[in-house]
Amino acid sequence: MSEAPLRYSKEELAEFEQIIQDKLTAARKEVSFIKETLSRKNDMGTDNTASSSKVLEDGADTAEKESMNQLASRQMKFIQQLENALVRIKNGTYGVCVGTGKLIQKERLRAVPHTQHSIEAKMARRD
């Protein structure tokens with residue numbers, strides 16, 4: 001009976017690196033779009049405050065801006081996690097569960113390439 005490998009091969013790591021790079025590109029585009037959207041909303045300003053409904057519009061705009069800021073913040077955190085995963089690929093620790101020390105399943109890494117926990121470790125943390 002052979003032992004399970006302790007690390008992924010260079011070829012497997014290259015596949016995961018490509019997945020991460022693709023997700024990074026998409027996430028950076030989304031953050032850029034959100035920032036552009038927010039700056040366009042700021043450019044509109046409040047110079048034309050002619051109607052009383054403007055108060056309601058300002059409230060809706062504020063809520064939307066807050067929502068967009070939260071989305072941008074989550075995307076920035078996601079980008080940081082993906083960049084950290086690239087560092088783990090470079091230093092040879094990518095794909096190893098920090099909870100169990102075993103390899104994380106490829107399917108999980110393909111779905112959540114920045115994860116540091118196997119399904120088993122993730123479920124154990126919830127209990």
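1. In this predicted model, E83 is partly exposed, with a relative accessible area of 27%, and the side chain of E83 meets that of R28 in a salt bridge, with 2.5 Å from N to O. Because E83 belongs to helix 2 and R28 to helix 1, the pair ties together parts of the chain that are 55 residues apart in sequence. R28 is likewise partly exposed, its relative accessible area being 40%.

2. A salt bridge also joins the side chains of E17 and K90, where the N to O distance is 3.0 Å. Here E17 lies in helix 1 and K90 in helix 2, so that this pair ties together parts that are 73 residues apart in sequence. The accessibility of the two partners should be noted separately: E17 is partly exposed, at a relative accessible area of 22%, whereas K90, at 63% relative accessibility, counts as exposed.

3. Helix 3 enters the picture through E12, which forms a salt bridge with K106, the closest N and O atoms lying 2.4 Å apart. Since E12 is part of helix 1 and K106 is part of helix 3 (residues 106–111), the pair ties together parts that are 94 residues apart in sequence. K106 is partly exposed, with a relative accessible area of 28%. By the rule applied here, the count of salt bridges comes to four, and among them are E12 with K106, E17 with K90 and E83 with R28.

4. Turning to the nonpolar interior, the largest nonpolar core has 17 residues, and those with the most contacts inside it are F16, I20, L24, I89, Y94 and L109. Helix 1 (10–44) and helix 2 (54–91) each supply at least two residues of this core, and the largest share, six residues, comes from helix 1.

5. Which residues does I89 touch, once residues up to four places away in sequence are not counted? The contacts of I89 are then with L13, F16, E17, I20 and Y94. Of these partners, F16, I20 and Y94 are also listed, as is I89, among the residues with the most contacts inside the core. E17, another partner of I89, is the residue that pairs with K90 in a salt bridge, and E17 itself is partly exposed, with a relative accessible area of 22%.

6. Taken together, helix 1 and helix 2 each contribute at least two residues to the core, and salt bridges link these two helices through E17 with K90 and through E83 with R28.

Conventions. Residues numbered from 1 in each chain as written. Predicted model: local features only at pLDDT ≥ 70, side-chain atom pairs only at ≥ 80, totals over all residues. Heavy atoms only, no water. Core = buried A, V, L, I, M, F, W, Y, C linked by side-chain atoms within 4.5 Å. Buried < 20%, exposed > 50% of the residue type's maximum accessible area, 1.4 Å probe, protein only. Helix = DSSP H or I, 4+ residues; strand = E, 2+ residues; numbered from the N terminus. Contact = heavy atoms within 4.5 Å.
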